[in-house]
There are 2 protein chains.
Amino acid sequence: MSDNPGAEGGKTVKIGVLGRGTVGSALIGLLEERAAVIEAETGLHPVVSGVLTRSQGDGEQIVDEADVIVEVMGGLEPAEALVRRALMAGKPVVTANKQLLSRKGDQLFPLASEHGAALRYEAAVGGAVPIVRVLGDTLSATPVERVHGIVNGTTNYILTAMAKRGESYAEALKDAQDAGFAEADPTEDVSGSDAAAKMALLAMLAFGTWVSIDDVDHTGIDKLDLQDIAYAREFDLALKLVGTAEKLADGSVSVRVHPMFLPMTHPLASVDGSYNAVTIESPHVEEITLQGPGAGGLPTASAVLGDLISVLHGADEPKHAWVTLPKAADVDSAFYLHFEVDDEPGVLSQVAQVLGLQKISIRSVAQKGSGDGARLVMITHRAPESAMAAAIGMISGLGFVRGEPRAIRVFDEENA
Amino acid sequence: MSDNPGAEGGKTVKIGVLGRGTVGSALIGLLEERAAVIEAETGLHPVVSGVLTRSQGDGEQIVDEADVIVEVMGGLEPAEALVRRALMAGKPVVTANKQLLSRKGDQLFPLASEHGAALRYEAAVGGAVPIVRVLGDTLSATPVERVHGIVNGTTNYILTAMAKRGESYAEALKDAQDAGFAEADPTEDVSGSDAAAKMALLAMLAFGTWVSIDDVDHTGIDKLDLQDIAYAREFDLALKLVGTAEKLADGSVSVRVHPMFLPMTHPLASVDGSYNAVTIESPHVEEITLQGPGAGGLPTASAVLGDLISVLHGADEPKHAWVTLPKAADVDSAFYLHFEVDDEPGVLSQVAQVLGLQKISIRSVAQKGSGDGARLVMITHRAPESAMAAAIGMISGLGFVRGEPRAIRVFDEENA
């Protein structure tokens with residue numbers, strides 16, 4: 001930190017801000033508005049020494065002149081090169097860049113340790129939900145078994161609109177775009193890719209093992225049908241895009257993101273709109289749930305500010321004991337299945353027979369409609385997902401099955 | 001920290017544990033079980049250098065010999081003297097003692113600052129719910145408007161049993177005692193005093209001003225009637241013991257604990273059993289909710305362990321900018337009112353007239369039963385609590401009112 005006294009007499013700390021989108025702008029406002037509070041708490045007077053925008057500023061110069069770097073520009077380059085430059089100079093970095101960390105964290109975290117530089121990223125996961133702090137600091141010595149999360153606000157907004165207002169996926173997406181909760185190109189959100197990056201980071205924190213976004217199996221919400229939500233309500237279930245990171249009994253780690261039906265009593269079932277929430281399960285602390293706004297300039301900037309203050313306090317960075325854990329080959333899940341079928345006798349028994357061959361047992365079943373609208377809707381008990389994929393393949397080939405079968409995971413008490 | 005190498009070769013840090021009840025015993029187990037993880041993370045090998053029990057150990061000697069003190073004995077003395085002794089020697093203290101901090105914090109926090117000693121107390125509020133860390137660290141520069149909390153597991157267990165199983169207060173209390181969720185003498189819990197101590201600490205963290213438990217107006221749950229819960233369900237409300245800490249428009253602070261009816265959509269409404277939850281409201285982060293087990297040896301010991309690791313990381317302690325804020329004289333609340341009345345014409349109009357005199361307007365009203373069982377049940381809009389108290393006093397004096405009126409606060413969107 002510089003020795004030159006700031007306006008209020010405290011030592012000045014120069015903050016270099018890379019990116020001036022919604023979060024960057026909100027942060028610059030916060031730093032000014034809360035400067036006195038920050039100084040009272042840390043003894044340091046923050047000043048923004050440089051801002052890199054798309055059209056202005058020299059990133060390298062901003063990094064070189066600052067004491068602490070805030071990276072809120074997103075994307076891989078030039079963010080990666082600038083973050084590396086800062087860390088190699090031993091300068092603390094606070095970032096909101098989940099894509100960068102979930103792809104390059106295996107290099108960036110060791111680089112930070114090597115140079116004794118903090119690398120903090122609360123704002124990269126869950127907006128204002130303080131999940132990184134709680135998993136990384138409070139629970140750092142607590143063995144975590146499983147993390148479930150609604151970590152993408154756009155998809156939760158869309159699913160809420162479908163469930164509460166009966167809108168189709170397309171209508172709900174348009175609403176989300178009009179309300180500023182979805183981008184013009186929503187692919188990264190609705191495909192589950194954004195949530196996958198965040199779950200990779202949460203898995204890394206929870207289990208101390210490197211997980212790349214490429215290790216995260218994910219399905220989006222763009223193939224969901226309003227009918228599925230209506231049927232789910234009959235079974236008293238809510239449909240959410242749920243990320244799961246868990247350590248299996250064999251010591252392997254599974255990280256995945258899929259639409260999932262949750263019982264209404266599950267803490268994530270009632271998280272609506274653009275809010276995010278994460279549930280941490282551990283034999284030591286049972287179940288802790290954190291909920292809050294998953295996006296928005298000011299909430300996300302507040303998370304950045306929390307990290308910044310933590311960096312200014314100069315705590316030792318948690319030295320995570322990195323271990324290498326195998327990735328799980330298969331996991332067990334319960335499923336909701338939907339088949340459009342010809343309206344003829346024997347349909348249910350043949351479907352049940354195929355499921356039985358794969359050792360999948362049925363929990364409940366309903367035959368809906370008739371004639372051209374005949375459908376078979378069922379919920380299974382847990383079974384290996386590989387067995388379920390094989391069964392669905394076989395059922396698709398049966399002569400009386402029309403269209404694509406739909407399969408959606410169902411939360412099971414013993415399960416993800 | 002001592003220089004003698006521990007069993008694994010890291011520097012040894014000596015932990016003095018004051019108290020060996022449920023939490024103390026669980027912590028001693030955790031320190032042994034997680035020693036390797038703690039050492040990998042902090043570079044320090046924890047050893048328990050002394051344990052003070054009711055019958056064994058010399059507290060002063062344990063403090064003098066240890067590097068870090070964990071105080072989980074509860075009560076004011078000898079806890080206070082031993083905590084003072086540790087802080088004055090510059091030794092970090094981790095405590096779960098809400099009574100001590102909510103009565104003597106105005107002396108203990110400055111004492112800790114003066115001697116540069118950490119004083120951490122995550123386990124004093126909300127068991128495993130990481131509310132102290134989030135309010136004190138993550139949100140330390142974020143302006144908080146209001147904190148709502150279910151911070152007592154015993155009363156939430158009892159209220160859940162009354163609501164879900166239709167048990168009377170006495171039956172539910174006995175169930176809680178049988179299940180180990182209530183003490184033989186439950187007074188501190190059911191009177192709201194335990195929750196009041198915790199809300200005083202949360203108010204202190206949220207607003208940076210000293211709040212004593214004596215400043216916290218509180219009502220318990222021991223006068224609640226099963227009928228009130230049944231009526232509330234008709235209005236689609238859930239009854240919880242809710243603590244509120246808020247900064248009013250005039251800059252004053254109000255901290256209080258009362259039974260409160262919550263709309264089912266409120267994040268605290270679905271927190272059941274012995275779980276605790278806290279909601280933080282701020283214009284910067286909208287609303288963040290944290291939920292988890294509110295008690296239990298292992299969850300509480302895990303919170304202590306999180307503090308201990310934070311202390312071993314050697315972060316600067318947050319330097320709270322203490323301010324002195326006036327205590328609010330009066331607050332506005334909406335109310336549920338229940339009157340047993342003679343079954344005669346004109347009753348409702350006279351009650352409405354008294355409320356009108358105090359400028360209290362009625363949101364909804366229902367006349368229940370007839371003859372000896374006639375009752376008037378209503379929900380009001382928000383009004384100053386002083387006006388409500390005056391109105392209830394006047395209504396009690398009306399000739400047709402039998403027994404004691406019952407008044408329970410109702411959460412109002414614009415309100416506590």
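Let's start where the two chains meet: 100% of the interface residues of chain B are also interface residues in chain A, so the copies meet through the same surface. Here two residues count as being in contact if their C-beta atoms, placed from the backbone, lie within 7 Å. Keep in mind that this is a predicted model, where local features need pLDDT of at least 70, side-chain atom pairs count only at pLDDT 80 or more, and totals for chains, interfaces and linings use all residues. Residues are numbered from 1 along each chain as its sequence is written, while chains are lettered from A and ligands numbered from 1 in the order in which they are written.

How do the copies relate? A turn of 180° and a shift of 0.0 Å along the axis lay chain B on chain A with an RMSD of 0.1 Å. The two copies are thus related as by a two-fold rotation axis. (The superposition is by least squares on the C-alpha atoms of residues with pLDDT of at least 70 in both copies.)

Now look at the contact itself, to which chain B gives 42 residues and chain A gives 42 residues. On the chain B side, the elements that supply two or more residues are helix H2 (35-42), helix H6 (131-138), strand E11 (286-293) and helix H12 (297-312). Helices (H or I, at least four residues) and strands (E, at least two) are DSSP runs, numbered from the N terminus. The largest share of that side, eight residues, comes from E11(B). By class, the side of chain B that touches chain A has 21 nonpolar, 13 polar and eight charged residues. Ala, Val, Leu, Ile, Met, Phe, Trp, Tyr, Cys and Pro count as nonpolar, Asp, Glu, Lys and Arg as charged, and the others, Gly among them, as polar.

Stay with E11 for a moment. Strand E11 (residues 286-293) of chain A runs antiparallel to E11(B), and three bridges join them; two strands pair if DSSP finds at least two bridges between them. Across this pairing, A:Gln291 stands opposite B:Thr289. B:Glu286, in strand E11 of chain B, has a positive phi near 55° though it is a residue other than glycine.

Next, step inside chain A. An automatic or database domain assignment sets the bounds, giving domain 1 (11-124), domain 2 (131-293) and domain 3 (332-410). The centres of domain 1 and domain 2 of chain A, taken over C-alpha atoms, are 27 Å apart. Their contact takes 10 residues from domain 1 and 10 residues from domain 2.

Strand E3 (residues 68-71) of chain A is a good place to zoom in. A:Val68 and A:Val70 point one way and A:Ile69 and A:Glu71 the other way, and all are buried (20 or more other C-beta atoms within 10 Å of a residue's own; exposed means 12 or fewer, partly exposed in between, with C-beta atoms placed from the backbone). Strand E1 (residues 11-18) of chain A pairs with E3(A) in the parallel sense over four bridges, with A:Val17 and A:Val70 as bridge partners. E3(A) also runs parallel to strand E4 (residues 93-95) of chain A, joined by three bridges, and A:Ile69 stands opposite A:Val93.

Finally, a loop detail: A:Pro78 lies between E3 and H4 of chain A, and the peptide bond from A:Glu77 to A:Pro78 is cis, with omega near 5°.
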